[in-house]
Amino acid sequence: MIAPLVTPMDHPGRPSATAATPLLAALAAAGTRGLMLFGSNGEGPLLPTAQLTDFATEVAAHWRELTDNGPVLINITAPGTAEALERAEAVRPAAPDALVLSPPIYFHHRHDEIVAHYTALAGLGIPVVAYHAPRYGNPLTPALLDELTGLAHLVGIKDSSGDLALFGHALAAARRREDFGVSQGAERQALDALRLGADGVVLGVANLAPGAAVELLRAHREGRDEDARRAQRVLDAVLALHTVRPGVPAVKAVLAARGLCPPHVAPPFTPCSDGERKALLDLLAPLDAHLVRA
């Protein structure tokens, strides 16, 4: 199970590895072993390239100490290829185990342009994972999935589309290679994806309920189906926080109340209001035993 880390900040929009220390320790203690930086949960595309290096390098080093060299993936998604390459160079000092890259965002692009975007990373010497989150940009179609799995430097796909039929196609395409993995990022479909044959899960809700996320994967692999279903229900219940305030500000508000992460977010995001914060904590109070703790 890989946790796509929220990006703790010591000031709005300014990542802080020091501020991340309590949350990293809590996630590791709960059994999390993989980390992804600067994804949608990490507000990555809102952070300037110049602010990525120090945070990524320090957090990756600390995580590897906490987890006996647990993997660190780093998202470098950008509107265009040139910026994606710049972001890749910015995080290279962190020695990422893989770079994570969505298709280009903002503009719509043709099939061949998206393939060229991924092909441009071939010379970096770092494995690449394709990140499919179509609500943020260009979708990965079945035809694109078929072609991308033929790129030697591409070693996996993280699918957050919520489309289980497409996920099944990704699994079929991936099975043409022994060194290619497919993970699920749509949190409410984590168990469904594992049953279809997913290699793993990358769940933003793991920032709040890492124990349940770890148990979901472990129980499934050990054939404890009822325990896996129970863990999925816990995650679904925690995800109700997004009915109060969608997105990262809500997650950070809860983490801040638990002493694990400042509430700062990257503009134009704004922190939760006092009313939203109270509503979030009231909603999650019955789930306290499942929530991350210092």
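**View 1. The largest pocket has a volume of about 850 Å³.** Of its 35 lining residues, those closest to the centre are Ser-40, Asn-41, Tyr-131, Arg-135 and Tyr-136. What counts as a pocket here? On a 1 Å grid over the protein atoms alone, a pocket is an open set of points where a 1.4 Å probe fits, with protein on both sides within 12 Å along at least five of seven lines, and lining residues have an atom within 4 Å of a point. The volume is the space filled by probe spheres set on those points, which are joined across faces, edges and corners. Sorted by class, the lining has 17 nonpolar, 13 polar and 5 charged residues. Here Ala, Val, Leu, Ile, Met, Phe, Trp, Tyr, Cys and Pro count as nonpolar, Asp, Glu, Lys and Arg as charged, and the others, Gly among them, as polar. Keep in mind that this is a predicted model, where local features need pLDDT of at least 70 and side-chain atom pairs count only at pLDDT 80 or more, while totals for chains, interfaces and linings use all residues. Residues are numbered from 1 along each chain as its sequence is written, and side-chain values use heavy atoms, with hydrogens and water left out.

**View 2. The second largest pocket comes in at about 420 Å³.** Its lining is made of 27 residues, and Ile-2, Leu-73, Ser-183, Gly-200 and Val-202 lie nearest the centre. Several elements each chip in at least two lining residues, among them strand S4 (34-37), strand S6 (98-101) and helix H8 (210-221). (Helices, H or I with at least four residues, and strands, E with at least two, are DSSP runs numbered from the N terminus.) The class split for this lining is 15 nonpolar, 7 polar and 5 charged.

**View 3. Val-129 sits in strand S7 (residues 128-132).** Is Val-129 buried or exposed? With a relative accessible area of 12%, Val-129 is buried, because buried means under 20%, exposed over 50% and partly exposed in between (1.4 Å probe, protein chains only). Skipping neighbours within four places in sequence, Val-129 is in contact (heavy atoms within 4.5 Å) with residues including Leu-73, Ala-98, Val-100 and Ile-157.

**View 4. The largest nonpolar core has 92 residues.** Such a core is a set of buried Ala, Val, Leu, Ile, Met, Phe, Trp, Tyr and Cys residues joined through side-chain atoms within 4.5 Å. Leu-37 and Tyr-118 have the most contacts inside this core, and helix H1 (residues 17-29) gives the most to it, with 7 residues. A second, separate core of 9 residues includes Ile-2, Ala-98, Tyr-131 and Val-202. In soluble globular proteins, nonpolar side chains tend to be buried together.

**View 5. Asp-227 pairs up with Arg-224 and with Arg-230.** Both pairs are salt bridges, meaning a side-chain nitrogen of Lys or Arg within 4 Å of a carboxyl oxygen of Asp or Glu. The closest N and O atoms are 2.8 Å apart for Asp-227 and Arg-224, and the N to O distance is 2.6 Å for Arg-230 and Asp-227. Asp-227 is partly exposed at 24% relative accessibility, and Arg-224 is partly exposed at 26%. Why are Arg-230 and Asp-227 separated by about one helical turn? Because they are 3 residues apart in helix H9.

**View 6. Glu-226 and Arg-229 form a salt bridge too.** Their closest N and O atoms are 2.4 Å apart. Both residues belong to a network of salt bridges that also includes Arg-195, Glu-215 and Arg-233. The whole structure has 24 salt bridges.
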